[in-house]
Amino acid sequence: RTLVSYRNVKLADLKETYYVLGQTMRYKERLDRDDFETVAGFWLHDVDKHFEIWRGPNRFVDTWMFLAGAAVFCNAKIADKLKFVYSLFDYDDKGELSQNELTVLILASVRGMARLAGVLSRLDAFLSLPVNSLSKHVFNYLKIDPDEKITFKEFQRWFYREKTVIQFVRYYVDGTDVRFLARKKHQKMKELKELFIKYAKPRKDMGNHLAVKAAKHGTKLVKAIFPEEDEPEGEDAQNLVDLIEHHGAIFFPPYMALTSTVQSFRLVDKQNLGRVEVNEIKALLWVLTEKEPLEKRVQFEQGLLDPDHTGYVTQGKWISNHAIDPSTLDKKQQDYLADLKKNFDVLDMDKDGKLNIRACGEFLYETILRYMGDHHVSSEGKRYLSGVCAWFGQWLFKQYNRAEHLLMDWKEVSEYIPTLEEKGPQFMEEAFKFQTHPMRKLFIY
């Protein structure tokens with residue numbers, strides 16, 4: 001996954017290359033070493049190195065693959081990149097592309113990105129077929145007849161809606177390979193788990209949960225999460241301790257959740273700026289939970305993390321919203337209801353104030369998972385919790401003698417929420433009837 005950086009290349013350089021190409025070579029489609037130096041030598045420092053990268057095993061550089069691929073990674077706004085790449089394949093300058101021309105555009109862009117990332121040999125053999133299908137999908141999505149053409153505004157609308165190419169870049173090319181980052185995260189969390197256990201002792205007054213004295217070891221544990229050069233000091237360190245401390249103790253689930261939250265942010269924030277762009281929230285969630293987040297979850301997080309539309313998410317904002325809050329152990333019933341209502345409203349997509357039987361289990365699942373720390377619960381544990389909450393949804397509809405295809409409003413749901421305290425152990429027994437799963441302790445916590 002070695003990516004040759006083109007972040008210092010300006011879009012104006014590529015436009016100049018395109019102009020020179022047209023004036024001196026009549027838009028020659030294959031460039032030899034001398035041609036390549038003529039059109040790009042004025043902004044590339046090491047022409048030989050870049051010529052070798054772009055030509056790969058071939059004798060020549062594909063002109064359109066080079067321009068489209070370089071445009072994706074150059075230093076410019078997405079809207080400007082889109083316009084430039086679109087214009088490259090608008091051969092008659094009418095502002096329209098046929099389905100075949102769109103296929104060539106996407107194929108050139110993806111091949112160019114893959115060439116720059118050094119993964120073309122693995123992708124080239126099977127790229128054409130899925131890209132052709134993707135072009136058909138674009139036309140179908142925009143309800144354009146295959147014999148008609150797509151305008152730039154229509155292409156732009158699809159791109160901002162789907163972001164298919166950006167997802168390709170993020171997963172295959174731009175270093176944000178979720179599996180690779182997850183391995184790095186797990187390695188660090190394993191080290192910190194051993195450190196926690198070193199200082200921890202069972203707390204009898206808290207169900208024998210492992211706990212560390214916050215006053216004695218809290219600062220040391222928090223600093224260990226960060227690299228030595230970026231360790232929080234003084235008030236910053238104490239604020240993090242306060243975030244996970246409960247009655248003078250730090251328990252294992254909140255500490256590991258903080259660790260996972262910090263590590264995921266630092267892995268995505270490669271330039272160590274202490275902030276990431278809003279469009280990287282999906283990558284953050286993906287690394288944090290180790291699964292691709294749903295689009296509605298991404299949109300919800302964008303509103304939560306960047307309510308003022310600054311375009312950025314700071315590390316502090318990310319941590320405060322994704323660390324486990326130990327005070328949930330002391331929450332009063334009205335606080336729980338407020339949190340449940342928030343997730344009820346999120347799942348109420350059509351805003352009619354009602355949910356079906358499945359969603360009645362899901363909003364409870366989302367709330368409890370947030371208390372437990374989404375990123376701290378294994379996929380097996382989530383399966384059990386999902387079963388518990390689905391059982392609650394069925395039970396709830398049964399209490400009202402409501403047919404399962406009908407809906408239920410918040411007032412009806414909230415009337416039975418207090419019975420969760422009474423029914424909770426019964427739900428737990430149903431979920432763990434034939435299991436002795438370690439997640440049971442975390443559920444109880």
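Here are three short exercises on this predicted model, each with a worked solution.

**Exercise 1. Take stock of the chain: how many helices and strands are there, and what share of the residues is buried?**

Start with the secondary structure: the chain holds 23 helices and 12 strands. Next, turn to burial, where 46% of the 445 residues count as buried. Then look at the surface, which comes to about 24100 Å², with 49% of that belonging to carbon and sulfur atoms. Finally, check the contacts with a separation of 6 or more: 64% of them link residues 24 or more positions apart.

**Exercise 2. Find which helices supply the largest nonpolar core, and then list what Trp54 is in contact with.**

Begin with the core itself, which has 51 residues. Tyr6, Leu14, Phe36, Trp54 and Phe89 have the most contacts inside it. Now go through the helices: at least two core residues each come from α1 (11–25), α2 (33–40), α3 (47–55), α4 (63–73), α5 (78–88), α6 (99–117), α8 (128–141) and α9 (152–162). Of these, α4 gives the most, with eight residues. Last, zoom in on Trp54 and set aside its neighbours within four places in sequence; its contacts are then Tyr6, Phe36, Val61, Met65, Phe66, Gly69, Ala70, Gly112, Arg115 and Leu116.

**Exercise 3. Decide whether helix α15 is mostly covered or mostly open, and say what follows it.**

Locate the helix first: α15 spans residues 281–289. Apply the cut-off for buried, under 20% relative accessible area. Nine of its nine residues pass, so α15 is mostly covered. The buried residues include Lys282 and Thr289, alongside Trp286. Then step past the end of the helix to Glu290, where phi is positive, near 60 degrees.

Notes. Residues numbered from 1 in each chain as written. Predicted model: local features only at pLDDT ≥ 70, side-chain atom pairs only at ≥ 80, totals over all residues. Heavy atoms only, no water. Core = buried A, V, L, I, M, F, W, Y, C linked by side-chain atoms within 4.5 Å. Buried < 20%, exposed > 50% of the residue type's maximum accessible area, 1.4 Å probe, protein only. Helix = DSSP H or I, 4+ residues; strand = E, 2+ residues; numbered from the N terminus. Contact = heavy atoms within 4.5 Å. Areas by Shrake-Rupley, 256 points an atom, 1.4 Å probe, with all protein chains shown as cover.
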